[in-house]
Amino acid sequence: MSEVLTFRSPCAGALKDIGVAATPGVSVRERSPQIATVIARGAIADFAARLKASFGVQWVEGSKVSSGGGLVLVATGPRAWLALRDAGSENLATSLGEGLGETAAVIEQSSGYAVLRIAGEKARATFEKGLGIDLHPRAFAPGDAASTSCAHLNVVIWQVDGAPTYDVAVPRSFAAAFCHWLMESVAEFGLKVL
Amino acid sequence: MRIPCPFCGPRDVSEFVTLGEATGPRPDPAAPDAAEKFFAYAYLRSNPAGPSEEHWYHALGCRSWLKVVRDTRTHEIESAALAREGAR
Ligand SMILES: [Zn+2]
């Protein structure tokens, strides 16, 4: 007997508007990008050159985001990245595998993570309740990324802009617990689910 | 206690797993003096009162092994570097 699998959000039913304020302190939107893990093989300079040549993305060293043309690589280790690109006709892992060739190993991860875009003037104050890293603008700015834990849950977080807007990737099976933490922590500021 | 991970920056010790003193590589099990070498490798520690070279794993961060010099009397960290540059 065959069964058709349909996509179901890992955050289904876990996020709700909080408060009636016209301007809630925080907004959240679940993104559904294609995701792949990228691990460099061999010299990092060769990897960076292929990334530039194939995708026009300038590699940024350190715990940073490298991006261009809709492709985002979030550093998760000295030689590892989480790559994201909004769903399109072309499979991300396939195109990364072809574009990076022998310079990297690429693993499809699209169903492995929930990705939430959390923004608003109280977004920083919200994350300060769960993260152990310094989120002050002088320590964590747009383009900065961190692999860390939020309320004991593994997360990869990177800052998108100065609103501030953050993207956070949570392993899929922990998404409901993360949403629970978010709902509790954001309650005093108000939340709008976009 | 915070450990300044060379990749991630300063992080709380709760993100790390300690392996203990950074002794040499695992001995060759085929060597004639393997028993002696493995005894030292598994049990003998210098346990200094002062700077101690240790291996720590950044489990909840970049998942790199670090070589950390920690003062066992004060927990002051003198240095932290990737155990093998570029290795995970
Ligand atoms: Zn680290």
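Begin by selecting Glu90(A), which counts as partly exposed at 46% relative accessibility; the class lies between buried, under 20% relative accessible area, and exposed, over 50%, with a 1.4 Å probe and protein chains only. This is a predicted model, in which local features need pLDDT of at least 70 and side-chain atom pairs count only at pLDDT 80 or more, while totals for chains, interfaces and linings use all residues. Residues are numbered from 1 along each chain as its sequence is written, chains are lettered from A and ligands numbered from 1 in the order in which they are written, and side-chain values use heavy atoms, with hydrogens and water left out.

**Salt bridges of chain A**

Add Arg85(A) to the selection: its side chain and that of Glu90(A) form a salt bridge, at 4.0 Å from N to O. The term denotes a side-chain nitrogen of Lys or Arg within 4 Å of a carboxyl oxygen of Asp or Glu. Unlike the partly exposed Glu90(A), Arg85(A) is buried, with a relative accessible area of 17%. Over all chains, the count comes to twelve salt bridges.

Next select Lys129(A) and Glu188(A), whose closest N and O atoms are 2.6 Å apart in another salt bridge. Lys129(A) lies in the loop between helix H3 (123–127) and strand E8 (145–150) of chain A, and Glu188(A) in the loop between helix H4 (175–186) and E11, so the pair ties together parts 59 residues apart in sequence. Helices (H or I, at least four residues) and strands (E, at least two) are DSSP runs, numbered from the N terminus. Lys129(A) is partly exposed at 43% relative accessible area, whereas Glu188(A) is exposed at 60%.

Move on to strand E11 (residues 191–193) of chain A, which contains Lys192(A). Its salt-bridge partner is Asp17(A), with 3.1 Å between the closest N and O atoms. Asp17(A) belongs to the segment before strand E1 (26–31), and the two residues are 175 residues apart. Both ends are partly exposed: Lys192(A) at 37% relative accessibility and Asp17(A) at 41%.

Finally for this theme, select Arg31(A), Asp86(A), Arg117(A) and Asp167(A) together; salt bridges link them in a network.

**Backbone features of chain A**

Centre the view on the loop between E8 and E9, where Ala151(A) is found. Ala151(A) has a positive phi of about 50° although it is not a glycine, and it is partly exposed at 31% relative accessibility. His152(A), in that loop between E8 and E9, also has a positive phi, of about 70°, without being a glycine. His152(A) is exposed, with a relative accessible area of 79%.

Then go to the loop between strand E9 (153–161) and strand E10 (165–171), which holds Pro164(A). The peptide bond joining Ala163(A) and Pro164(A) is cis, with omega about 0°.

A further stop is Ser89(A), in the loop between strand E5 (80–86) and helix H2 (92–100) of chain A. Ser89(A) is exposed at 83% relative accessible area. Draw a C-alpha to C-alpha distance from Ser89(A) to Ala145(A): the two are 28 Å apart in space and 56 residues apart in sequence.

**The zinc site of chain B**

Switch to chain B and select the zinc ion. Its protein donors are Cys5(B) (SG), Cys8(B) (SG), His58(B) (ND1) and Cys62(B) (SG), at 2.0 to 2.5 Å. Donors are N, O and S atoms within 2.8 Å of the metal (3.2 Å for Na, K and Ca); water is not among the atoms, so sites may look incomplete. Along the chain, the donors follow the spacing C-x2-C-x49-H-x3-C.

Cys8(B) lies in the loop between strand E1 (2–5) and strand E2 (9–12), and His58(B) in the loop between strand E4 (51–57) and strand E5 (65–71), so this pair ties together parts 50 residues apart in sequence. Cys8(B) is buried at 15% relative accessible area, and His58(B) is buried at 0%.

Which arrangement do the four donor atoms make around the zinc ion? It is tetrahedral, because they subtend angles of 101 to 120°, and four donors count as such if all angles lie between 85 and 135 degrees.

**A surface patch on chain B**

Conclude with Phe39(B), Tyr43(B) and Leu44(B), which make a nonpolar surface patch of about 370 Å². Such a patch joins nonpolar side chains within 5 Å, from residues with over 30% relative accessible area and no salt bridge; areas come from the Shrake-Rupley method with a 1.4 Å probe. Tyr43(B) lies in helix H1 (residues 34–43) of chain B and is exposed at 60% relative accessible area.

Technical notes
Patches are made of residues with over 30% relative accessible area and no salt bridge: like charges are joined within 9 Å, nonpolar side chains (Val, Leu, Ile, Met, Phe, Trp, Tyr) within 5 Å. Four donors count as tetrahedral if all angles lie between 85 and 135 degrees; four count as square planar and six as octahedral if opposite donors are over 155 degrees apart and all others between 65 and 115; anything else is irregular.
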